[in-house]
Amino acid sequence: MDDIYPVSAAAAAGTRCDAATYAAMHGQALADPDTFWRGQVDRLQWVRKPRVMGNWRWDPVNIRWFEDGVLNVSVNCLDRWAAADPERLAIIWEADDPAVPNRRLSYGELLGETCRMANALADMGVRRGDRVTITMPMIPEAAVAMLACARLGAVHSVVFGGFSPEAIAGRIADADSRFVVTADAGMRGGKVVPLKAHVDAALAIEPRVAAVLVVRHSGAEVAMVPGRDRWWHEVRGGVAKVSPPEPMGAEDPLFILYTSGSTGKPKGVLHTQAGYLLWANLTFETVFDYRAGELFWCTADVGWVTGHSYIVYGPLSAGATVLMFEGVPTWPEVDRFWAVVAKHKVNIFYTAPTALRSLMREGEAPVERHDLSSLRLLGTVGEPINPEAWRWYHRVVGKGRLPIVDTWWQTETGGAMMTPLPGAHPAKPGAAGFPFFGVAPALVDADGRFIEGNDVSGNLVLTASWPGQARTVYGDHQRFVETYFTAYHGLYFTGDGARRDADGQWWITGRVDDVINVSGHRLGTAEVESALVGHAAVAEAAVVGFPHDIKGQGIYAYVTLKAGVEGSDALVADLRAEVRRSIGPIASPDHIHLTPALPKTRSGKIMRRILRKIAENEHGSLGDVSTLADPAVVEALVAGRLNR
Ligand code: WT7
C-alpha cells in the first residue's frame with residue numbers, strides 16, 4: 001500500500017480548486033477546450049482579445065493559441081498592478097551575503113526600472129524581434145532585463161550564469177543575438193562568479209555582438225570595451241522611466257531557452273507571448289493556490305525555465321510578491337534556506353529534490369532553529385523526488401501539516417503539467433499526482449501502442465496541445481518535429497518514462513532517452529561526449545548517468561585515448577577541465593574511466609546498456625552480451641569500475 005496524505009482541512013479551506021472543481025475544470029478542458037479557454041483569457045489584459053482559442057496540429061506540426069489576440073507581456077506583469085496599487089511589493093531580494101541589505105521593489109518601481117531598461121536597450125539598437133542574450137546573477141535586474149525585452153517585443157535568451165564562455169558563445173551564435181545584458185559579477189556562497197569576464201571571453205569567440213549592457217553589482221573590476229559596453233547605472237539616469245509597450249501578436253516569440261536533448265548541441269526552445277503567459281499565470285495561481293498578499297519563493301535560477309515561469313512570468317502576471325535569492329542553500333551556514341524563510345515570512349516555498357537531499361544530510365537541527373510557521377505550502381520540481389526526501393520535507397519542514405506539490409514539467413511545456421493540487425488531491429510521496437487542466441498524458445509501449453488501464457508503466461506522451469507548449473526549436477523547426485513528434489507519430493513524446501498507479505496517480509520514473517538530470521540540471525550525454533572528444537588526447541568517449549545520493553544522477557564517462565597517449569591522473573584532471581571549459585562546472589564528470597576499448601557490437605555500435613550497468617555498479621546483471629564483438633572488453637571494464 002502506498003503512503004497517502006489526504007487533503008487537510010487547512011489546505012481545503014478557501015482553496016481555488018477543490019476536488020469537484022478540479023473534476024469539472026479538467027473534464028471541460030479536455031472535452032470542450034474552446035469553452036474552457038474562452039473562460040480563462042480574461043486572466044490577461046489584451047490590446048485585442050482573441051476570438052480563436054487553440055488552433056494546432058501535430059502532423060504537420062503547427063501550434064497556435066489565441067492567434068488573433070494582441071497584448072504586451074510586460075503590461076500584464078507590471079502596468080496593471082502598478083496602476084491599481086503602485087506600492088504593492090513585487091520583488092524582495094535577499095543577497096548571497098546575509099549582511100547585505102535587502103532590496104524591495106514595488107510594482108511601481110519595477111515598472112519604472114523596466115521602462116528605463118527598455119529605453120536603454122532601444123538606445124543600444126534593440127528592436128522588436130531582435131534576440132537579446134541575458135546572463136545575470138539572481139538580482140532584480142535579471143527580471144527587469146527580461147521584462148524590458150518583453151516591453152520592446154525583443155526576444156530574450158537567458159543563459160544560466162554557470163555556463164562557460166564557449167557555451168555562452170554557442171548560444172549567442174545560434175540565436176544570432178547582437179545584444180547582451182550582464183553584470184560585473186555574481187556572488188554565490190561567498191564566491192565571485194565573473195560574469196562580465198565570461199561574456200568578454202565569449203565575445204572573443206563570437207564577435208557579432210554590437211552592444212553589452214553591464215549592471216554593477218559586486219563592484220568587481222571589469223574591462224569595458226569602448227563603443228560596445230556600457231554601464232547600466234550610467235545610462236539609467238539619462239533615459240525616461242516610461243516606455244510605450246509594443247503591441248505583440250499572441251504568437252510572436254517571447255523567449256528562447258536552450259536545453260539539452262539526446263543528440264547534438266542544446267536546442268533553443270521557443271515560447272511565444274500569450275499562450276505561455278496564460279499557462280504560467282493559471283498554473284501559478286492554481287498549483288500553488290496563491291492567495292493575495294502571500295510571499296512566494298521559488299529557489300530556481302532565472303537561467304532555467306522554472307525561474308522564467310515561477311519567479312518572473314507566473315507570479316508577476318498574477319500580481320504576487322516573490323522572494324528572489326542570490327545565494328545557495330548551505331552558505332554561510334547549512335540553515336540558510338530556513339533562515340531566509342523565517343526572516344521574510346515566506347508562505348510558499350518551491351525547491352528541487354537535490355537541494356532537499358543535501359539539506360536532509362545536515363539533520364533536523366538547522367531547520368528546528370527557525371520559526372517556519374509562515375509556511376503554508378511546499379513544492380518540488382526538477383526530477384523525481386525519492387519518498388524518503390518527500391517524507392523529510394513533509395515532516396521536518398512542513399511539520400507534518402503542509403501540502404507538497406510535486407510538479408512534473410519541462411522546458412518545453414512552459415509550466416507545470418502534472419501535480420497533486422493542494423486542495424483537491426491526496427498526495428503520495430514520489431508521485432506527480434494528476435494532469436493539470438487541458439493536459440492529456442498517455443502511456444505507450446516501444447511500438448507506440450497505447451497502454452490502457454491502471455497500474456501500468458510505459459513511455460510518457462501527451463496527446464493534445466496546451467497553451468504553454470513550445471512552438472518550435474529556434475531556427476530549426478525540423479529538429480523540433482524530429483525530437484518530439486517522430487518517435488510516436490502524432491503524439492508529443494516527453495522523453496520520460498512513467499507509471500500510472502492503481503489510483504490513476506502518475507509517477508515519473510525518469511528519462512528514457514540519453515538525457516541525464518544532474519542536480520536538477522538537464523544534460524545530454526552526447527554533449528559531454530563531444531566536449532571530451534574535443535580534447536586532443538581522446539579517441540572516443542561514452543557518457544552515462546548513474547544514481548547519485550545527492551545529485552539524483554552523476555556523470556560517468558568512459559574514455560579511450562589516441563594511440564601512443566599514456567593515461568595518468570593529470571590527464572584525467574585535464575579532461576575534467578576540458579568539460580568545464582566547453583560546457584561549465586555543472587557537466588564535470590564524477591568518474592572518468594580510461595579504458596583501452598569500449599564494448600561494441602560486431603557492427604560497431606557502442607553497447608550503452610552495458611556501460612550503464614557497470615556505472616550503476618550492477619555489473620552482476622549485464623543481460624545479453626552475445627552480440628559483443630569482444631567480451632574481454634567488458635571483463636576489463638568491470639574490473640576497473642570506478643563507482644564501487
Ligand atoms: C525533465 C525536464 C520542469 C522545470 C525544471 C526541469 C524531469 C522535472 C519533475 C518532477 C519527476 C521531473 C523530467 C523532465 N522532471 N520535474 N516533478 N518529477 N521528474 O526542466 O530542465 O526541461 O527538465 O526534468 O525528466 O523531462 P528541464
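This report walks through a predicted model, from its confidence scores to its sheet, salt bridges and backbone details.

## Confidence

The protein chain has a mean pLDDT of 97. Of its residues, 100% reach 70 or more. For the complex, the predictor gives an ipTM of 0.99 and a pTM of 0.97.

## The annotated domain

UniProt lists residues 78–462 as "domain: AMP-dependent synthetase/ligase". That entry is unreviewed. In the model, the span is 32% helix and 23% strand. The C-alpha atoms at its two ends lie 33 Å apart.

## A four-stranded open sheet

Four strands make up an open sheet, in the order E23-E24-E26-E27. The pairing is antiparallel. Strand E23 (441–444) sits at one edge and strand E27 (506–511) at the other. Each of these edge strands pairs on one side only. Neighbouring strands are turned against each other by 45 degrees on average, direction ignored.

Between the edges, strand E24 covers residues 456–462 and strand E26 covers residues 492–500. Six bridges join E24 to E26, and the two run antiparallel. One contact can be named by residue: Val456 has Arg500 in E26 as its bridge partner.

## Salt bridges across the sequence

The whole structure holds 43 salt bridges. Side chains of opposite charge can pair when their charged atoms come close.

One pair is Arg128 and Asp252, with the closest N and O atoms 3.0 Å apart. Arg128 lies in the loop between helix H5 (107–124) and strand E6 (131–135), and Asp252 in the loop between strand E13 (248–249) and strand E14 (253–259), so the salt bridge ties together parts that are 124 residues apart in sequence. How exposed are the two partners? Arg128 counts as partly exposed because its relative accessibility is 39%. Asp252 also counts as partly exposed, at 23% relative accessibility.

A second pair is Glu294 and Arg376, whose side chains meet at 2.5 Å, N to O. Glu294 is in the loop between helix H10 (273–287) and strand E16 (295–298), while Arg376 is in the loop between helix H14 (365–368) and strand E19 (377–381), so this bridge links parts that are 82 residues apart in sequence. Glu294 has a relative accessible area of 9%, so it is buried.

## A local pair and a network

Asp447 forms a salt bridge with Arg449. Their closest N and O atoms are 3.1 Å apart. Is this pair buried or exposed? Asp447 is exposed, and so is Arg449.

Elsewhere, salt bridges that share partners form a network. Its members are Arg131, Asp176, Glu206 and Arg208.

## Helix H15 and its cover

Helix H15 spans residues 387–397. Which of its residues are buried? They are Ala389, Trp390, Trp392, Tyr393, His394, Val396 and Val397. An α-helix has 3.6 residues a turn, so residues three or four places apart point the same way.

Several elements cover the buried residues of H15. Among them are H12, strand E18 (348–351) and helix H13 (353–360). H14, E19 and strand E20 (404–407) are also included. Just after H15, Lys399 takes a positive phi of about 50 degrees.

## Cis peptide bonds

Where does the backbone turn cis? The peptide bond joining Asp59 and Pro60 is cis, with omega about -5 degrees. Pro60 is found in the loop between strand E1 (54–58) and strand E2 (61–65).

The bond from Trp331 to Pro332 is cis too, with omega near -5 degrees. Pro332 sits in the loop between strand E17 (321–325) and helix H12 (336–344).

## Positive phi outside glycine

Phe66 is not a glycine, yet it has a positive phi of about 55 degrees. This residue lies in the loop between E2 and strand E3 (70–71). Phe66 is buried, with a relative accessible area of 0%.

Ser519 is not a glycine either, and has a positive phi of about 50 degrees. Its place is the loop between strand E28 (515–518) and strand E29 (521–524). Ser519 is partly exposed, with a relative accessible area of 24%.

Definitions and conventions
Residues are numbered from 1 along each chain as its sequence is written. This is a predicted model: local features need pLDDT of at least 70, side-chain atom pairs count only at pLDDT 80 or more; totals for chains, interfaces and linings use all residues. Side-chain values use heavy atoms; hydrogens and water are left out. Two strands pair if DSSP finds at least two bridges between them. Axes are lines fitted to C-alpha atoms, for helices over the stretch in contact, and angles run from 0 to 180 degrees between N-to-C directions. A salt bridge is a side-chain nitrogen of Lys or Arg within 4 Å of a carboxyl oxygen of Asp or Glu. Buried means under 20% relative accessible area, exposed over 50%, partly exposed in between (1.4 Å probe, protein chains only). pLDDT is the predictor's confidence in each residue, from 0 to 100. UniProt positions are given in the numbering used here, feature names are shortened, and annotations may be inferred rather than shown by experiment. Contact means heavy atoms within 4.5 Å.
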